[in-house]
Amino acid sequence: MSDQKIELQVIAALKTVKDPDLHKDIVSLGFVKNMKIDNGHVKFDVELTTPACPVKEQLRQECEGKVKAIEGVSRVEVNMTAEVRAAHHNQPVLTGVKNIIAVASGKGGVGKSTVSTNLAVALSQTGARVGLMDADIYGPSIPQMLGIPITPPKGSGNNKFFPHEKSGLKVVSAAFLTKEGQPLMLRGPMLGGIIQQFLQNVEWGELDYLVIDLPPGTGDVQLTLTQRAPISGAVVVTTPQKVALIDAEKGVRMFQNVKVPLLGIVENMSYFHCPDNDKKYYLFKHGGGQRLADQFKVPFLGEIPIVPEICEGGDDGRPVTLDHPDSSSAQAYRALAGRVAAQLSIVQARENAEQPETTFELAWKE
Ligand code: ADP
């Protein structure tokens, strides 16, 4: 069979490969790129919408299997790539930032900053360009969790400043604006000023994802940020106890009121996995996060176990995702990052639904 005929069959085969999150085939989604066919040797890229795609390997295998089965194909090379797509085009603030993920909780102490930190690290470990904004103005803990010394940010002129950096992650925090150990004493209007500075004066450069660690609750800072920053989606962190779930519900309602898409709910400190007998113990009741997600018809993003090394890592500035990347807790955060990134792609696909479908340009033109 000629290479031209093979190409037509390859496209037809790839049209049967569906992205399980976006419910469309990868050709119509415009994922198939740079097709080259030479004497039955087929080579092409599959460009996903996020390097954190949880089904990347599954898609690669399906493409390879279906193309290999075509008569006349001698070899298949599938190259998986990713180009994170931008939400909220033409926004005047944070122009180089493609997606903003707000991490919120109804109350303090549920592990919101720990989730923000490990989510940001896990996303950056996939190769994405990631920033982390510690907007928990009264209790900024991200520098401590990442082991970044408290030093003033470096200015770049025009009142702008550069974020601190740790393992490729760009970080700003209210903690950098104070002397170490000193509280930041602010009145209401000054809060808005700090948030404005974080939104307008930071030289983030190009970012695929900016994770914002919001303060707990549904107060001034949360509202200012959700109104002034083009937030692409929000993650609500809760623990399984009823008192936490009641407050998490308020967080969910806040995002619904300000029309920020909810990427989902994550339940932290869900269970203890006992290494001695390999059993899971649900210390604070089971299934509350899932029920809250069902009630509001938003995705349940998963359970994070209660693990001493997560707490020690946070206290010592060595998050598990960086320090113990092979641990089951790091895997839980990576799975969470994959689901968050996939949900963002789903939200974007919904927003772009009215745009025309991509048609595949054949390499061979008669
Ligand atoms: P928040 O931001 O909601 O106030 P933090 O992220 O600061 O909460 O977490 C509160 C404390 O709980 C910290 O000491 C943190 O290390 C610990 N912690 C958070 N998640 C876990 C977990 N899954 N297992 C063990 N300790 C955790």
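**Entry 1: the ligand shell**

I began with classes: the shell around the ligand has nine nonpolar, six polar and one charged residues. In this scheme Ala, Val, Leu, Ile, Met, Phe, Trp, Tyr, Cys and Pro count as nonpolar, Asp, Glu, Lys and Arg as charged, and the others, Gly among them, as polar. I note here that the model is predicted: local features need pLDDT of at least 70, side-chain atom pairs count only at pLDDT 80 or more, and totals for chains, interfaces and linings use all residues. Residues are numbered from 1 along each chain as its sequence is written, and side-chain values use heavy atoms, with hydrogens and water left out.

Which residues are closest to the ligand? I found Gly109, Lys112, Ser113, Thr114 and Pro305, out of 16 that surround the ligand. A residue is near a molecule if one of its heavy atoms lies within 4 Å of it.

**Entry 2: polar contacts and burial**

I looked up polar contacts next (a pair of N or O atoms within 3.5 Å). Gly109 places a backbone N or O atom 2.8 Å from an oxygen atom of the ligand. Ser113 has a polar backbone atom 2.8 Å from a ligand oxygen atom. Asn268 uses its side chain: a polar atom there lies 2.9 Å from a nitrogen atom of the ligand.

How much of the ligand does the protein bury? Taken alone, the ligand exposes 560 Å², and the protein buries 82% of that. Areas come from the Shrake-Rupley method with a 1.4 Å probe.

**Entry 3: the pocket**

I asked where the ligand sits, and its space is the second largest pocket. A molecule sits in a pocket if more than half of its atoms lie within 2 Å of the pocket's grid points. On a 1 Å grid over the protein atoms alone, a pocket is an open set with protein on both sides within 12 Å along at least five of seven lines; a cavity is a set of points where a 1.4 Å probe fits but cannot get out; lining residues have an atom within 4 Å of a point.

The elements that give two or more residues to the ligand shell are α3 (112-125) and α9 (308-316). α3 gives the most, with three residues. Helices here are DSSP runs of H or I with at least four residues, strands are runs of E with at least two, and numbering starts at the N terminus.

This pocket has a volume of about 370 Å³. A volume is the space filled by probe spheres set on the grid points, which are joined across faces, edges and corners. I read 24 lining residues, of which Gly111, Thr114, Met145, Asn268 and Met269 lie nearest the centre. α3, α4 (142-146) and α9 each supply at least two of the lining residues. The largest share, five residues, comes from α9. The lining divides into eleven nonpolar, nine polar and four charged residues.

**Entry 4: closed cavities**

How many cavities of 30 Å³ or more does the whole structure hold? I found three. The largest holds about 80 Å³ of space. Its lining includes Asp19, Asp21, Phe31, Cys53 and Ser345. By class that lining has seven nonpolar, three polar and two charged residues.

The second largest cavity has a volume of about 40 Å³. Thr114, Met145 and Ile310 are among its lining residues. α3 and α9 are the elements that give two or more residues to this lining. I count four nonpolar, five polar and no charged residues there.

**Entry 5: backbone angles**

Two residues caught my eye. Asn34 is not a glycine, yet has a positive phi of about 50 degrees. Asn34 is found in strand β3 (residues 32-38). Asp278, also a residue other than glycine, has a positive phi near 60 degrees. Asp278 lies in the loop between β15 (272-274) and β16 (279-281).

Methods
A polar contact is a pair of N or O atoms within 3.5 Å; within protein, one must be able to donate a hydrogen and the other to accept it, and residues adjacent in sequence count only if both atoms are side-chain atoms.
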